[in-house]
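Biologist: Got a minute to go through this one with me? I'd like to start with a helix.
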2 protein chains.
Amino acid sequence: MAAASPVGGSTAADLVTLADIRDAQQRLTGVVVPTPLVPCPWAPGPGSLLVKPESLQVIGAFKIRGAYNMIAGLSPEERARGLVASSSGNHAQAVAYAAREFAAHATIVIPDVAAPHKVAATKALGADVVLVPQAERDVAVTRLAAEHGYVHVPPYDHAAIIAGQGTVGAEIAAARPDVDLVLVPVSGGGLLSGVATAVKAAHPGARVVGVEPELAADAAESFRSGRRVVWEPSATRRTIADGLRTTSVGVLPWEHIRAYVDDIVTVTDEQIMAAMHALAVQANIVAEPSGAAAVAAYLFARDQLPDAGPANDAGTTVAVVSGGNVSPELLSQILADPQYTSLTSG
Amino acid sequence: MAAASPVGGSTAADLVTLADIRDAQQRLTGVVVPTPLVPCPWAPGPGSLLVKPESLQVIGAFKIRGAYNMIAGLSPEERARGLVASSSGNHAQAVAYAAREFAAHATIVIPDVAAPHKVAATKALGADVVLVPQAERDVAVTRLAAEHGYVHVPPYDHAAIIAGQGTVGAEIAAARPDVDLVLVPVSGGGLLSGVATAVKAAHPGARVVGVEPELAADAAESFRSGRRVVWEPSATRRTIADGLRTTSVGVLPWEHIRAYVDDIVTVTDEQIMAAMHALAVQANIVAEPSGAAAVAAYLFARDQLPDAGPANDAGTTVAVVSGGNVSPELLSQILADPQYTSLTSG
């Protein structure tokens, strides 16, 4: 991609461990929904597909795991200083929700182009919202942290966030010791890093593969080239998967991806919408576009996956449905679109 | 109701026990999804709502629990004779699926007015389908059982079915010892009977309440009158909740309802559709109309519920979402309907 540029090479980094993830599991007990693995016999074989609906979490996405884990791990003094985060999406609501659980003050920096209902949802959870131009988000977070002493809760580039998201992988590994392949959407890489760490620790033979939209394939390009590349926002914002528009994986996630992840594959926006239709109609799960990416890879990008092809048995695949915060309008349109019925009439 | 008529009074019946339900749990391990309790902080208080999405089961509804439990409890010789069931809905697919798991032959009697995709779905699970006029369903089942020696797997009026559905209640009781109120859709009464048996055994102080459409309120009328009444099919078929059109509760369920159930309340079809919208948008759960009835009661019929009212704390309520097999067309319409947005914009 012309938009790609390398940023830095290998850095020595302390990777998150299984012990960190176990600690997170303790903190998250009673807070997160231990989501089930839902069998999908309707999904064409070979092998079998199970999906893990993180869409059932209280804020509609896995993000509550990492945000809550980091905030729970702060000292009371740190929490008393207040928290700041930057997000227009699920991370905003995750930080707001977790902060409220600890009676901590949260300020969320949201780009002024965000949908009003997302601003309202974050405010409804008790957070203060600061609207800034898109390009000034990072500056605003730094300024708020400096001025008020707020602790920054980043969306993915932090060990406590990765450990929290890793509890998704720990649940998969515990429930299915026979898992062969785990498919995970990748944006900043926190979820993929945590899941890969947990799954590989329990079952070194299992493969863990990230899934990204073709239109925001910075992580796939990084994986191919061996260098963490950054795409332009004008490129990544083309995809319908609004949760996967991050322009590069994080520095710490990148180290985990290099250590534990087997591949990163891509899907088209059309495949994502078809997977949303299939999940709603066949599995009764509402997925947002980002949330359906891993299922789209199973259904439509099998040729890119390990052990794929008619001569092989793909074994047991788990696809993480990372969230379900889609607008009713978009979901309604996809459900009514006749082009998606052929997959789901069997 | 002019359509009501009493049928029989009290009969001595052996009620299903907690031990029966524990046996069913053993049989169903690894077969059913142990569905989580999903918190719904978006639902207006007082108290808190958790929903149990049985829509995530492999055939999209709780019915797999009872059908599988009964078929698993048959002798190999009985299973070798073959199975017969009558249903145009979720029970058909449950019996077909469970029979296939045991390599048993299943014949499903389906009314010839059923939607072709339901017939196709049942055939896709390997069952033979016999289409008959609506009024001849029972006769056809009896004839097939007599001619071929098939074992009849009824939808609700059997101890093994009730015990299987009761595993829903056992899961609720184990997960939430603090549960105050459990809301369950009622049609033939198998699910309500099993859930009430399990919940009352574990937590005698918890209330268990059935929920029925106003347009098919035979069970509510039975509960009020103390006699099991039957409505006309021409009356019950008016409701959009196609899984709750049964014209009376079963004989054995009726005994459980009298023993364990605290009340049966009613909701309108409009309330059911509003609950479907809320579940999809706020909880990312696809519910069919029947499946949304209990949530509709929590949201819109609080005045009918125990401990309701602004001066009281309704405590912890669990509502069972019994299934999610709704047509994409209806779900799409409900999602796009502007009259349902007010509840869900908070």
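Biologist: Which residues of α11(A) are buried?
Modeller: Keep in mind that this is a predicted model. In α11(A), the buried ones are L252(A), P253(A), W254(A), E255(A), H256(A), I257(A) and Y260(A).
Biologist: And how does that add up for the helix, residues 251-260?
Modeller: Of its 10 residues, 7 are buried, so helix α11 of chain A is largely enclosed by the rest of the structure.
Biologist: What covers the buried residues of α11(A)?
Modeller: The cover includes three helices of chain A, α7 (159-175), α8 (190-202) and α9 (218-225), along with the strand β9 (207-213).
Biologist: OK, switching to the two chains. How many residues of chain A are in contact with chain B?
Modeller: There are 27 from chain A, in contact with 27 residues of chain B.
Biologist: Which elements of chain A supply at least two residues each to that side?
Modeller: Those are β2 (38-39), α5 (116-124), α12 (269-282) and α14 (328-336). The largest share comes from α14(A), with 6 residues.
Biologist: What's the make-up by class on the side of chain A that touches chain B?
Modeller: You get 17 nonpolar residues, 9 polar and 1 charged.
Biologist: Do the copies meet through the same surface or different ones?
Modeller: The same surface, because 100% of the interface residues of chain A are also interface residues in chain B.
Biologist: What turn and shift lay chain A on chain B?
Modeller: A turn of 180° with a shift of 0.0 Å along the axis does it, and the RMSD is 0.0 Å. That's the relation of a two-fold axis.
Biologist: Which C-alpha of chain A is nearest the axis?
Modeller: The one of S332(A), at 2.1 Å from the axis.
Biologist: Changing topic: what's the phi of A103(A)?
Modeller: Near 55°, so to speak on the positive side, in a residue that isn't glycine. Most residues other than glycine have a negative phi.
Biologist: Where does A103(A) lie, and is that residue buried or exposed?
Modeller: A103(A) is in the loop between α4 (90-101) and β5 (106-111) of chain A. It has 9 C-beta neighbours inside 10 Å, so A103(A) counts as exposed.
Biologist: What about the phi of N284(B)?
Modeller: Positive as well, at about 60°, and N284(B) is not a glycine either. N284(B) lies in the loop between α12 (269-282) and α13 (289-300) of chain B.
Biologist: Is N284(B) buried or exposed?
Modeller: Buried, because N284(B) has 30 C-beta neighbours inside 10 Å, and 20 or more is the cut-off.

Terms used. Residues numbered from 1 in each chain as written. Chains lettered and ligands numbered in written order. Predicted model: local features only at pLDDT ≥ 70, side-chain atom pairs only at ≥ 80, totals over all residues. Helix = DSSP H or I, 4+ residues; strand = E, 2+ residues; numbered from the N terminus. Buried ≥ 20, exposed ≤ 12 C-beta atoms within 10 Å, placed from the backbone. Contact = placed C-beta atoms within 7 Å. Nonpolar A, V, L, I, M, F, W, Y, C, P; charged D, E, K, R; others polar. Least-squares fit on C-alpha atoms with pLDDT ≥ 70 in both.
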